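Please look through the sequence and the model below before reading on. The paragraphs that follow go from one chain to the contact between chains and then to individual residues.

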Amino acid sequence: MEFVVEEGKLVNEDCSTLVLPALSIGNVGQLAVDLLVSSTGAERVGYLDDPNLLPCVGNDAYGPLPCGEIALPLEVYESSSIATTLAQQRSPVAKGMMIKFAENIANFAASSGKKHIIVLSSLDFQRLHNLDMSRGPQVYYLSNAESDGRDDHCERLGFGRLHEYDSEGRCWKYLSSVFEKNSVEELALPSEDELEDIDYYPSLPFAALFSAFKARGLKMTCLLCYCSEGDNIPEAFLLAEASSKLMGLTPDKFHGEGGKWQIPYSWKSMYGAPPDMSMF
Amino acid sequence: MEDVLTENPPPSRFFQEDLNNFVQPPESLPSPFIIFSNPKPELPLRPSLLIIAISSPSLYIFHSLPSKTLLGSLIMPEVPFSGNTMEPSLEDKSCNIYSLSSADHKNLTLLVSVQLPVSPERSNLVSRLLIAKDIIPERVIILDSIQSRNFRGRLSPDETLAAKLETSAEKKATTHTGLVNLDYFPSGSVIDGLSASLLSRCQLKNRRGTLVISWPEFGPSVIRFVGALLKKIVPSLDVASVNKDLEKNSSRTGLKKDTWLDSDLYT
């Protein structure tokens, strides 16, 4: 993976926090990063070129008017005011290459001096076993602060620990062994017939990113929420707000207008063109 | 009506295997490469302009152009040659590279006709070959069709239109290729595949690049439209022969009429 600095831009080495999405149901992580980039006024500083990413291009996603600034599959934005780097991923990883991709992006983060990585992802609502709606939509977390995934700061913020994380589970251990270069234990992946429900979580892209960054010794927090396919804008707000809280920020500290969340311009056409009214 | 269970999901939706870390990677394939005709030119080639045809209308135009010289061909090992002919043909699965004769021998213009399927996974390698390895152009123009599955607006089959995306270097350039009047591709819609990979490569290399996407995918009207655009880009281009007999050809001009028979079994 190569980091290409955009012509005329400088990278701020004080941006020690990296926020990035993991591909997941409803594209929630990507929508949340869109919201953060748009609202913080973060400026694009470069691109990440990885052979495992499928290609895509588009017009500028943030606006206020599409000005013809080309958008690439994996872009790096910086907001100096909140000392944060945001990476936005717009296209999928080639099938079977997620582990390689996670390794590459972890190498980039480590070599760029990032100290804290926040990964935003969603989980399939059908996998949620203990539904408790009494507190409203719940944000879950997974951290490498403690071996069981717990983190005091996340607990104080009211996030729920992902209880399904088991560092000794065979798929989680497999991921750790893949990324830790000094691992002496060669582990085999369970065959598809042996996989169980509990193996759903380590199979997801956020788990690969978590394990890759953990292996590089970086402080790592995954923020997660359950959702179904559909209009996932509410979940995007949920994760964007959660990541802001985690970083000790509120929208009034953002660069954007009025200190509030700014809807990206590209969201106007998220669900396609309106129906053809001539049929009525 | 398509089966909602088996039809392809919209591009923003994932299949389970797309989100599975433990899916086996595909078998690795040999890398694509370019072969050149004799005498082999000095590499890398450094054309002032490289025009890459991916859409059916642009392929038809390139095929019909007189005064072009076959320089070489990009080979993808996984694409069989069965059914190809000795002389270049629109039905071939090939990726031929031509040079345009020019009074000014210093300004080399190359044309590439991409008539073979390039998967998204292989696009990165192909775009590196065409833009950053054996060929290093000053300026690139890519001609593709709007992909309706990725377009968030409404597309009428009766309306011919085109839009563009360009690199930062192209936006800053003081001289332009005659495409300034094209609207930008609307925000929220994306282009994927080889044309996206080519334009991305141009942006990463800080090179002048423009992707022109036209609609509809086939038909005489869009062929004339693209031909007129090309004439603005390269005024010396002889597009007169392209417009002959357009109406007599299949409405899917540039493709075989019976594409469902396009199989290795029927060569």
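Of the contacts in chain A with a separation of 6 or more, what percentage do residues 24 or more positions apart account for? The figure is 75%. It comes, like every value here, from a predicted model. The chain behind this figure has seven helices and 10 strands. Chain A has 280 residues, and 55% of them are buried. Its accessible surface is about 12,300 Å², and carbon and sulfur atoms hold 50% of that area.

A residue from one of the strands gives an example of a buried position. A:Leu223 is part of strand β10 of chain A, which covers residues 219-227. Its relative accessibility is 0%, and because the cut-off for buried is under 20%, A:Leu223 counts as buried. Setting aside neighbours within four places in sequence, A:Leu223 touches several residues from earlier in the numbering, among them A:Ile118, A:Val119, A:Leu120 and A:Ser121. Its contacts also include A:Val139, A:Tyr140, A:Tyr141 and A:Phe159. From later in the numbering, A:Leu239, A:Ala242, A:Ser243 and A:Leu246 are in contact with A:Leu223 as well. A:Ala110 can be placed relative to this residue by distance: A:Leu223 and A:Ala110 are 113 residues apart in sequence, and their C-alpha atoms are 20 Å apart in space.

The next topic is the contact between the two chains. The size of an interface is often given as the accessible area lost when the parts come together. Between chain B and chain A this buried area is about 3,900 Å², with carbon and sulfur atoms giving 57% of it. On the chain B side 47 residues take part, and they are in contact with 60 residues of chain A. Across this interface there are 11 residue pairs in polar contact, counting pairs with both residues at pLDDT 80 or more. Several elements of chain B each supply at least two residues to the side that touches chain A: α2, β7 (161-166), α3 (168-172), β9 (190-192) and α4. Helix α4(B) gives the most to that side, with seven residues. Sorted by class, the side of chain B that touches chain A has 17 nonpolar, 18 polar and 12 charged residues.

One residue of chain B shows how contacts can reach into both chains. B:Ser168 is in helix α3 of chain B. With a relative accessible area of 13%, B:Ser168 is buried. Apart from neighbours within four places in sequence, B:Ser168 is in contact with A:Glu6 and A:Glu69 of chain A, and with B:Gln203 of chain B.

Salt bridges come next. Side chains of opposite charge can pair when their charged atoms come close. How many salt bridges does a search of the whole structure find over all chains? There are 17. Between chain B and chain A the count is two. In one, A:Asp49 pairs with B:Arg201, with the closest N and O atoms 2.9 Å apart. A:Asp49 lies in strand β3 of chain A (residues 43-49) and B:Arg201 in helix α4 of chain B (residues 194-204), so this salt bridge joins two chains. Both partners are buried: A:Asp49 has a relative accessibility of 9%, and B:Arg201 has a relative accessible area of 4%. A:Asp49 also forms a salt bridge with B:Arg128, where the closest N and O atoms are 3.3 Å apart.

Other salt bridges lie within a chain. In chain B, the side chains of B:Arg122 and B:Glu78 meet at 2.7 Å, N to O. This pair links distant parts of the chain, 44 residues apart: B:Arg122 is in helix α2 (residues 120-132), while B:Glu78 is in the loop between β3 (68-75) and β4 (95-100). B:Arg122 is buried at 8% relative accessible area, whereas B:Glu78 is partly exposed at 31% relative accessibility. Some salt bridges share partners, and through them A:Glu6, A:Lys9, A:Asp34, A:Glu43, A:Arg44, A:Glu69, A:Glu75 and A:Arg90 are joined into one network.

A further pair in chain A is A:Lys173 with A:Glu168, whose side chains form a salt bridge at 3.6 Å, N to O. Is A:Glu168 buried or exposed? A:Glu168 is exposed, with a relative accessible area of 56%, and A:Lys173 is partly exposed at 27%.

Key: Residues numbered from 1 in each chain as written. Chains lettered and ligands numbered in written order. Predicted model: local features only at pLDDT ≥ 70, side-chain atom pairs only at ≥ 80, totals over all residues. Heavy atoms only, no water. Salt bridge = Lys/Arg side-chain N within 4 Å of Asp/Glu carboxyl O. Helix = DSSP H or I, 4+ residues; strand = E, 2+ residues; numbered from the N terminus. Buried < 20%, exposed > 50% of the residue type's maximum accessible area, 1.4 Å probe, protein only. Contact = heavy atoms within 4.5 Å. Areas by Shrake-Rupley, 256 points an atom, 1.4 Å probe, with all protein chains shown as cover. Buried area = accessible area lost by both parts, 1.4 Å probe. Polar contact = N/O pair within 3.5 Å; in protein donor to acceptor, adjacent residues only side chain to side chain. Nonpolar A, V, L, I, M, F, W, Y, C, P; charged D, E, K, R; others polar.
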